[in-house]
Amino acid sequence: SIYEMFGNECCLSTGEVIKVIGFKINKLIASICENNEVSRFSAKVELPLNFPGLYKVVADKTPYVSIEEITRKVSIGPTRFGHPCFYSPEDIKLANITIKHGEQITFNSVEEVNGTMTVNCGVVRNNQSHSFTLPFSQEGKFYECEDDQIYTLKEIAEWKIPKCRNRIVKLSNTLHMWDCSNPLPENFDGSLILTPVYEVQAVMKFRKDIVHILSDLDVEVKDITDCYDISSFLQPLSLEDVFERTSKEFPMVAEIMEGPSGSQKPYNLLYTGKEIIIYKKYQATRVLASEIRSDSPKRHFLIPMSYKGKFKRRPREFPTAYDLEIARSEKEQLHVVATKAFDSPHKELFSVSVGDQFLVQQCQTSEVLYEGRKKVIDVLACEQILSDTYKKVLLPMYMEGGFVEVIHDKKQYQLSEICKEFHLPFNVKVSVRDLSIEEDVLAAVPGLQFEEEITDSYLLISSASSPMESWEIPVYRLNMSVHLLSKDGQTVVPPVTKTTVEEISEEQYYMVRRYENQTLHPPPRPPKKPT
């Protein structure tokens, strides 16, 4: 018999046949790091993978000696995490390109070309990408490049800890309090050395779930791969594996081997043993929204375009005159009230008092006298609203003040109308809830800020036994394993898709924003005071 403790198999009976399908980090042992070494005063603490916070990865100083070693130890794959970057201290001369020493090489995928295993790589020169392949046999010294991205511990465990190596990380952002007692020192903001503790993932002949075996389980095993029919075992697939299948393979029927955690519908319906129909894969648009509140933590949501509720506008806040310039539009004139006084150092520019009202006009330049010399600076032309007239004034673009929008628009908007007619970010509140949703979580939120539109990967699924409605499930935020059943999806046309507003954690919020902004240029900085 098999004994289970805390979700891990603790004993295997003699003669049991298991098929190992993967290795996974179960938890991390952390030590406080000083000068890239374990601190003499540091006790080792155990961190679960869902321990909160965002971390920066410190580049490993130990080089890899060949491309083959990199492919064995480093995760290279199709997802956003699976593109590690390395550099060589020596030039690498290939048939069609020479890689210069110190140049960042991105590893994209592994491929067999004419019987030779190679890695598809790329370098960026003058904003243009150049592709090439490196054979596994390529030797030399390859060092990790510095990584400026931030990650959760779970992402680091899955993608950023090479096999047989530790990983140093620096705490970038503590997002919220840990429910249990915090194992790290109070107000800790330093570096940690992470040592992984692995578990073996396996399937067994007469079980339909995935078995988790801790790597330190004291058991002797024998490799019988060459003399056993491994096709008799179930083949677990992650949602990423399913998404990588060609569109022609859909629809498909699958049985859930490991369901996601969470009480939110439809996740509470996706339990182990349930059969589902997966109709298709696609990219879908969501609006990323955050609760408007001064204290933290804020709630964050991904709202589908199919959301049928209506919204009314709420005033936006602008910390500088530069933000007013970004927010103004041709569609309507921006009307604001000053919430903070500003005393202009130049007589040519306007000094603002609390309560002053302005209609924002346009950005222009103006000549000012600064320390006896004339300088040209960027300014914002506005009309000050007086009791019976308007006065043209100029505000310096660098002005750090405070403004609140005055809303004259009482119209109720659909989500698609807001995205079409206004620039994001945009402040709203729900005025009419979506009646097609059993519990519209947005209706209870006093104010929302629509931050940006994002595109993400989804699978459309329904229950196989009663396909009355279908749901969109996110591929990269749902931890779920299935195995495909040997029968076709009987319902080719999916039933009506239920609108689901997805509430995401603070870690997921930062990840979503990070992915979406990777391809965008950073916004220009507001002008500084003349010097």
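Select Glu69 and Lys73. Their side chains form a salt bridge, with the closest N and O atoms 3.0 Å apart. A salt bridge here is a side-chain nitrogen of Lys or Arg within 4 Å of a carboxyl oxygen of Asp or Glu. Side chains of opposite charge can pair when their charged atoms come close. Both residues belong to helix H1 (residues 67-73), and being 4 residues apart they are separated by about one helical turn. Helices (H or I, at least four residues) and strands (E, at least two) are DSSP runs, numbered from the N terminus.

Colour the two residues by accessibility. Glu69 is buried at 10% relative accessibility, and Lys73 is buried at 16%. Buried means under 20% relative accessible area, exposed means over 50%, and partly exposed lies in between (1.4 Å probe, protein chains only).

A note on what is on the screen: this is a predicted model, in which local features need pLDDT of at least 70 and side-chain atom pairs count only at pLDDT 80 or more, while totals for chains, interfaces and linings use all residues. Residues are numbered from 1 along each chain as its sequence is written, and side-chain values use heavy atoms, with hydrogens and water left out.

**Further salt bridges**

The structure holds 22 salt bridges. Select Arg167 and Glu144 for another one, with the closest N and O atoms 2.7 Å apart. Arg167 lies in strand S15 (residues 167-173) and Glu144 in strand S14 (residues 139-144), so the pair ties together parts that are 23 residues apart in sequence. Arg167 is buried at 2% relative accessibility, and Glu144 is buried at 12%.

Next, select Glu332 and Arg313, whose side chains meet in a salt bridge (2.7 Å, N to O). Glu332 is in the loop between helix H4 (321-327) and strand S24 (335-338), while Arg313 is in strand S22 (residues 310-313), 19 residues apart. Glu332 is partly exposed at 26% relative accessibility, whereas Arg313 is buried at 10%. Which residues belong to the network that contains this pair? Add Arg316, Glu405 and Asp409 to Arg313 and Glu332: salt bridges that share partners join them into one network.

**An open sheet**

Show strands S7, S14, S8, S11, S12 and S13. These 6 strands form an open sheet in the order S7-S14-S8-S11-S12-S13, with antiparallel pairing. Strand S7 (64-66) and strand S13 (128-135) are at the edges, each with a single partner strand, so one side of each has no neighbour in the sheet. From one strand to the next, the twist averages 45 degrees. For such angles, axes are lines fitted to C-alpha atoms, for helices over the stretch in contact, and angles run from 0 to 180 degrees between N-to-C directions.

Strands of a sheet pair through backbone hydrogen bonds, either parallel or antiparallel. Two strands count as paired if DSSP finds at least two bridges between them. Start with S7 and S14, which pair antiparallel over 2 bridges; Tyr64 stands opposite Phe142 in S14. Strand S8 (residues 85-87) also pairs with S14 in the antiparallel sense, over 2 bridges, and Tyr87 has Tyr143 in S14 as its bridge partner. Then move to strand S11 (residues 105-113) and strand S12 (residues 116-125), which run antiparallel and are joined by 7 bridges. Select Ser109 to find its bridge partner in S12, Asn120.

**Rings**

Keep Tyr64 selected and add Phe86 and Phe107: the three form one aromatic cluster. Rings of Phe, Tyr and Trp (its six-membered ring) pair if their centres lie within 6.5 Å; planes under 30 degrees apart count as stacked, over 60 as edge-to-face and the rest as tilted. Add Arg165, whose charged end sits over the ring of Tyr64, 3.8 Å from its centre. A charge sits over a ring if NZ of Lys or CZ of Arg is within 6 Å of the ring centre and within 35 degrees of the ring normal.

The structure holds 10 aromatic pairs. Among them is Phe311 with Phe450, an edge-to-face pair at 5.1 Å centre to centre and 85 degrees between the planes. Phe311 lies in strand S22 and Phe450 in strand S30 (residues 448-463), so the pair ties together parts that are 139 residues apart in sequence. Phe311 is buried at 0% relative accessibility, and Phe450 is buried at 0%.

**Last stop**

Select Gln384 in strand S26 (residues 373-385). Is Gln384 buried or exposed? Gln384 is buried, with a relative accessible area of 8%.
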